[in-house]
Amino acid sequence: MELKNINTFLRVAGLGSFTKAANELGYSQSTVTIQIKQLERELGFPLFDRIGKTISLTQKGEEFILYANEFVRLEDKLSSLSDAPDSVAGTLRIGVLESLFVWKTADLLPRFHSRYPEVKIEITSATGAALYRMLRQNEVDVIYLLDNLIYHKDCVRACASPVSLKFVAAPESPLCAEKNISLEEIARQPLILAERDAIYRRELDREAAVNGVELVPILEVDNIEVILRLLKRGMGVSFLPDYVIEESVKKGELSVLDVRCNAISLWSQIVCHKNKYVTPPMRSFTELIQSAAPTEA
């Protein structure tokens with residue numbers, strides 16, 4: 001049983017397409033078809049149901065994924081018996097929420113590169129929904145996102161850390177001297193908020209609705225660095241994750257407002273697909289994120 005055929009099977013299963021697997025692996029579609037047929041002939045059962053132009057794993061195919069990943073795991077161990085990081089090569093594909101990349105991931109990449117100098121890193125930024133889609137289509141190896149602790153039967157959460165969200169403004173804002181500020185008062189301020197599909201914007205809108213308040217921003221921006229720049233110039237009030245504002249608050253460039261509402265928290269999480277073999281670079285990336293996190297779950 002050839003390992004290249006097993007790797008091809010895992011790619012087809014992950015992408016749900018012979019054509020996409022062929023493009024990713026640099027094969028012709030006919031080569032992928034031949035490799036899968038060879039594997040099915042050796043195993044003695046079909047791996048995929050082929051109906052029209054769509055394919056799906058058979059029950060035996062679902063079961064074989066576990067063994068296929070074990071084959072890959074053993075091959076990986078045999079290829080680097082010394083477990084020396086500099087013997088590990090390949091590509092690590094990370095899908096990440098933009099704010100987590102800028103404020104959490106970027107500073108850790110030199111440490112990762114120092115440990116795995118032969119590993120190429122590919123970073124893709126996207127929203128949470130897009131990241132899950134890319135993970136399921138095997139376009140990335142791991143995703144790092146901000147979300148509630150939601151269970152997905154086809155995904156495994158490698159680690160999670162709590163993230164609190166806060167209202168902030170420039171120190172010269174009159175609101176900084178006030179206590180127990182109501183959401184009604186916040187709604188009267190010039191609000192600069194993230195776009196509506198940002199998870200923390202959705203949580204804020206949900207809390208406002210519970211309190212019978214409508215928050216209408218003067219500006220919606222999909223770039224958090226721009227929001228910070230405007231806040232520091234005294235333009236208005238925003239609602240942001242603690243890791244985004246921490247440094248600016250310490251420097252006295254922004255102040256956290258004392259707002260009367262239910263505490264809103266999310267979780268920064270690293271997630272991989274349940275059928276994905278966890279390579280040493282994937283494991284090391286998770287460990288780096290964990291080492292920088294104040295609390296894990």
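Start by selecting Gln29, which sits in helix α3, a run covering residues 29–43. Bear in mind as you go that this is a predicted model. With a relative accessibility of 42%, Gln29 counts as partly exposed. Leaving out residues up to four places away in sequence, Gln29 touches Phe18, Thr19 and Ala22. Now add Leu231 to the selection: Gln29 and Leu231 lie 202 residues apart in sequence, and their C-alpha atoms are 53 Å apart in space.

Zoom out for a moment to take in the whole protein. Its C-alpha trace spans about 75 × 45 × 30 Å along the principal axes. Colour by secondary structure and you will find 12 helices and 11 strands. Of the 297 residues, 43% are buried. Switch on a surface and about 15300 Å² is exposed, with carbon and sulfur atoms supplying 50% of that area. If you draw contacts between residues at least 6 apart in sequence, 75% of them join residues at least 24 apart.

Next stop: Ala169. Select strand β6, residues 155–169, and you will find Ala169 there. Is Ala169 buried or exposed? Its relative accessible area is 0%, so Ala169 is buried. Show its surroundings and, setting aside residues up to four places away in sequence, you will see contacts with Gly236, Val237, Leu254, Ser255 and Leu257. You can also put a distance label from Ala169 to Leu230: the two are 61 residues apart along the chain, and their C-alpha atoms are separated by 9.6 Å.

Now for the charged side chains. How many salt bridges does a search of the whole structure find? The search gives 18. Select Arg93 and Glu24, whose side chains meet in one of these, at 3.9 Å from N to O. Arg93 belongs to strand β3 (residues 90–96) and Glu24 to helix α2 (residues 18–25), so this pair ties together parts that are 69 residues apart in sequence. Arg93 is buried at 10% relative accessible area, whereas Glu24 is partly exposed at 34%.

Move on to Glu185 and Arg188, which form a salt bridge with their closest N and O atoms 2.6 Å apart. Glu185 counts as buried, at 19% relative accessibility, because the cut-off for buried is under 20%. Arg188, at 60%, counts as exposed. Then select Arg11, Glu24, Arg93, Asp141 and Lys276 together: salt bridges with shared partners join these residues into one network.

Near the start of the numbering, try Glu2 and Lys4. They form a salt bridge too, the closest N and O atoms being 3.7 Å apart. Glu2 is partly exposed at 42% relative accessibility, and Lys4 is partly exposed at 43%.

For a surface view, highlight Glu98, Asp197, Asp222 and Glu225, which gather in a patch of negative charge. Glu225 is part of helix α10, residues 224–232, and is partly exposed with a relative accessible area of 38%. Across the whole protein, the mean positions of the 35 positive and 40 negative charges are 4 Å apart.

Finish with two backbone stops. Asn138 has a positive phi of about 60° although it is not a glycine. Look for Asn138 in the loop between α7 (128–136) and β5 (142–147), where it is buried at 7% relative accessible area. Asn180, also not a glycine, has a positive phi of about 55°. Asn180 is placed in the loop between β6 and α8 (183–187) and counts as partly exposed at 43% relative accessibility.

Note on methods
Residues numbered from 1 in each chain as written. Predicted model: local features only at pLDDT ≥ 70, side-chain atom pairs only at ≥ 80, totals over all residues. Heavy atoms only, no water. Patch = residues over 30% accessible without salt bridge, like charges linked within 9 Å, V, L, I, M, F, W, Y side chains within 5 Å. Areas by Shrake-Rupley, 256 points an atom, 1.4 Å probe, with all protein chains shown as cover. Salt bridge = Lys/Arg side-chain N within 4 Å of Asp/Glu carboxyl O. Lys, Arg positive; Asp, Glu negative; His and termini not counted. Charge placed at Lys NZ, Arg CZ, Asp CG, Glu CD. Helix = DSSP H or I, 4+ residues; strand = E, 2+ residues; numbered from the N terminus. Buried < 20%, exposed > 50% of the residue type's maximum accessible area, 1.4 Å probe, protein only. Contact = heavy atoms within 4.5 Å.
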